[in-house]
Amino acid sequence: MQKSVTKYFTAADNAIQSCGFINANGQIPAAYKGAISSFGASIVMSGLIPTIQFYMASSQNRLTDSMKIVEAIAKIINTANPSPDALQQSVLSASNNAANLFILKKQIIDAAIALKIMMRTYQFESE
């Protein structure tokens, strides 16, 4: 039986490559280690909707482009419509139904864990 996180590994690797995490040197900026870790913690502490909204907000004053994380998670869990806006809309739609929100939250957390694990297979830039 396949664990819920491992089923997302291939999609997470594809998302890393297609969402612009890898720089010209073939490495991932080290700041993304903390950004993806704090994504999961933010869901637990603040909730799913505030976390998605925060990560979709402007990243001008941050070391990372947090929209890339939302974009990658959208690509991992929804191959039919892999846009951050579609993910945000799914979260907002599910917020009216506790069961649907629970399922979507679990998928997003699993996708974030898979993304974090797959990022570790790449070399990180030194800070």
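Select Phe 54 to begin: at 47% relative accessibility this residue counts as partly exposed, where buried means under 20% relative accessible area, exposed over 50% and partly exposed in between, with a 1.4 Å probe and protein chains only. The model is predicted, so local features need pLDDT of at least 70 and side-chain atom pairs count only at pLDDT 80 or more, while totals for chains, interfaces and linings use all residues. Residues are numbered from 1 along each chain as its sequence is written, and side-chain values use heavy atoms, with hydrogens and water left out.

**Aromatic pairs**

Add Tyr 55 to the selection. Tyr 55 is buried, with a relative accessible area of 4%. Rings of Phe, Tyr and Trp (its six-membered ring) pair if their centres lie within 6.5 Å; planes under 30 degrees apart count as stacked, over 60 as edge-to-face and the rest as tilted. By this rule the structure has three aromatic pairs.

Which pair should be displayed next, with ring centres 5.1 Å apart? Select Phe 21 and Tyr 32: their planes stand at 80°, so the pair is edge-to-face. Phe 21 lies in the loop between α1 (9-18) and α2 (31-46), whereas Tyr 32 belongs to helix α2; the two are 11 residues apart, and their pair links distant parts of the chain. Helices here (H or I, at least four residues) are DSSP runs, numbered from the N terminus. Phe 21 counts as buried at 1% relative accessibility, and Tyr 32 counts as buried at 4%. Return now to Phe 54 and Tyr 55, which form an edge-to-face aromatic pair, 5.6 Å centre to centre with 75° between the planes. Include Phe 39 as well, since ring pairs link Phe 39, Phe 54 and Tyr 55 into a cluster.

Then select Lys 33 and Phe 124. Lys 33 lies over the face of Phe 124, at 5.0 Å from the ring centre; a charge sits over a ring if NZ of Lys or CZ of Arg is within 6 Å of the ring centre and within 35 degrees of the ring normal.

**Ser 42 in helix α2**

Where is Ser 42? Ser 42 is found in helix α2 and is buried, with a relative accessible area of 17%. Not counting residues up to four places away in sequence, Ser 42 touches Gly 47 and Thr 51, contact meaning heavy atoms within 4.5 Å.

**Helix α4**

Select residues 66-77, which make up α4. The expected span of a helix is 1.5 Å times one less than its number of residues. For the 12 residues of α4 this should give 16 Å, and the end C-alpha atoms are 17 Å apart, which agrees. Nine of these 12 residues are buried, so α4 is largely enclosed by the rest of the structure. Among the buried residues are Lys 68, Ile 69, Val 70 and Ile 73. The buried residues of α4 pack against α1, α2, α3, α5 and α6.

**Salt bridges**

Side chains of opposite charge can pair when their charged atoms come close. A salt bridge is a side-chain nitrogen of Lys or Arg within 4 Å of a carboxyl oxygen of Asp or Glu. How many salt bridges does the structure hold? There are two.

Remaining in α4, show the side chains of Glu 71 and Lys 75, which meet in a salt bridge at 3.8 Å, N to O. These residues are four apart in helix α4 and therefore separated by about one helical turn. Glu 71 counts as partly exposed at 23% relative accessibility, and Lys 75 is partly exposed, with a relative accessible area of 24%.

Next, show Lys 106 and Asp 110, whose side chains meet in a salt bridge at 3.0 Å, N to O. Being four residues apart in helix α6, Lys 106 and Asp 110 are separated by about one helical turn. Is each partner buried or partly exposed? Lys 106 is partly exposed at 40%, whereas Asp 110 is buried at 6%.

**Helix α6**

Extend the selection to residues 98-119, the whole of α6. Its 22 residues should span 32 Å, and its end C-alpha atoms are 31 Å apart, which agrees. The buried residues of α6 include Leu 104, Ile 108, Leu 115 and Met 118. What covers the buried residues includes α1, α2, α3 (48-56), α4 and α5 (84-94).

Finish at Leu 104, which counts as buried at 10% relative accessibility. Leu 104 touches Ile 77, Ser 90, Val 91 and Ala 94, not counting residues up to four places away in sequence. Leu 104 and Leu 87 are 17 residues apart in sequence and 9.6 Å apart in space, C-alpha to C-alpha.
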